[in-house]
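Hi everyone, thanks for coming along. I'd like to walk you through one structure today, so let me put it up on the screen.

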Amino acid sequence: MTLQSIPGIGEFFSATSAILWALSLVLFRRAGDSMAPSTLNLYKGTVALACLIPTMALLGIDYFPDDVTIQDWLIMLASGMAGMGIADTILFVSLNKVGPGRYAIINCSFGPATILASAVFLGEPVTAALIGAAALIVAAILLSAWDPVGRMQAKAATPDPNRPRLGRYYLLGVLGVVIIAVSIVAAKPVLNRTDGVWGAFARLCGGLLFLVPQNLMPGNFKRTVAAFSRGPHHRHALLPSFLGAYACTVLWTLGMKYTYASVASVLCQLTNILLFPFAFLILKDRIQARQIVAVGIGIGAGLLIILAN
């Protein structure tokens, strides 16, 4: 029996990845207090690659498969440079400024961006169940983010000139999410005919090919050395790097391989719902009744996709 023969295996990988990524984002937000975004991105990529290399050896997966062409390598490396090297740094910048709760709204653009890119470039079908699930998840996120009391208080209060302008970080976050979506859709044809774990390895290599030179530049060199030296920052950065960059990367890549990219993208939107309870438990962010309702709606949307496929 192969993984491809197991019903719903792609959907399972995508949903599991979404759960772990929600947890990782909250933990990355805490790690962002002690590490710069580009440095944290390099750190997580290095941890992931250090875990992935022995994993491939244990599973007997070739690092340089004979059936992978130079063109395949270039596509996967470019996908990793864009999605992991550039977009993940943008993600950390946005996450540090707006916080996990607001970032859930930003990340909502991932589903529509992936569905549109998949329809345009891959010709994947857009089913009624998929549209319905996407609409449910969007509704759940809007319900979670809706804060009429807070808006009234903000209007009544005297404007604070020192308050950061978050609009630019919302736009920056959306840009990062769109780059991630396009980068994984671009890699989908190669993923369809290669090993999924090798695909994660190749994309990680691409991301590090961009991040290593960037972080060794004169302005970044000292903080890069500090990040890989002994210190208390490892307590906050190591676990999310393992979960988010290693486990999630493998699961997400397998999810994209064994189901439609559009289906995987909708299931990955469960991250946006689960960010709220994880942020409450770990960062002590407040959570309200409507956010609990939103969690239920998001889970229902994920089940709708799984049952429909």
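**A loop, a long helix and two helix pairs**

Let's begin with a single residue, D195, which sits in the loop between α7 and α8, the latter covering residues 196–215. Please keep in mind that this is a predicted model. Is D195 buried, exposed or partly exposed? D195 has a relative accessible area of 36%, so D195 is partly exposed. If you look for V68, you'll find that 127 residues of sequence separate V68 from D195, while their C-alpha atoms are 10.0 Å apart in space.

Now let's zoom out to the fold. How many helices and strands does the protein have? The count is 13 helices and zero strands. Reading along the sequence, then, you get α-α-α-α-α-α-α-α-α-α-α-α-α. The protein has 309 residues, and 50% of them count as buried.

Next, please find α10, which runs over residues 234–258. This helix has 25 residues and spans 34 Å from its first C-alpha to its last. For comparison, 36 Å would be expected at 1.5 Å a residue, and the span of α10 is close to that. Where does α10 bend? The bend is at C248, and it amounts to about 35°. As for its surroundings, 18 of the 25 residues of α10 are buried, so the rest of the structure largely encloses this helix.

Let's move on to packing. Two packed helices are described by the angle between their axes and the distance between the axes. I have two pairs to show you.

The first pair is α3, residues 70–107, with α7, residues 167–192. Their axes lie 7 Å apart, and the packing angle is about 150°. Angles over 145 degrees count as roughly antiparallel, so that is the label for α3 against α7. As for handedness, α3 and α7 make a left-handed crossing. And which residue classes make up the contact of α3 with α7? There are 22 nonpolar residues, along with seven polar and four charged ones.

The second pair is α2, residues 37–59, with α9, residues 218–227. Here the axes come within 10 Å of each other and cross at roughly 40°. That angle makes α2 oblique to α9. The crossing of α2 past α9 is right-handed.

So, to recap the two pairs: α3 and α7 are roughly antiparallel with a left-handed crossing, whereas α2 is oblique to α9 and passes it in a right-handed crossing. Thanks for listening, and I'm happy to rotate the view for anyone who'd like another look.

Definitions and conventions: Residues numbered from 1 in each chain as written. Predicted model: local features only at pLDDT ≥ 70, side-chain atom pairs only at ≥ 80, totals over all residues. Heavy atoms only, no water. Helix = DSSP H or I, 4+ residues; strand = E, 2+ residues; numbered from the N terminus. Expected span 1.5 Å × (residues − 1). Bend = angle between axes of the 7 residues up to and from the residue. Buried < 20%, exposed > 50% of the residue type's maximum accessible area, 1.4 Å probe, protein only. Axes fitted to C-alpha atoms, helices over the stretch in contact; angles between N-to-C directions. Parallel < 35°, antiparallel > 145°, perpendicular 65-115°, else oblique. Left-handed = near helix turned anticlockwise from the far one by under 90°. Nonpolar A, V, L, I, M, F, W, Y, C, P; charged D, E, K, R; others polar.
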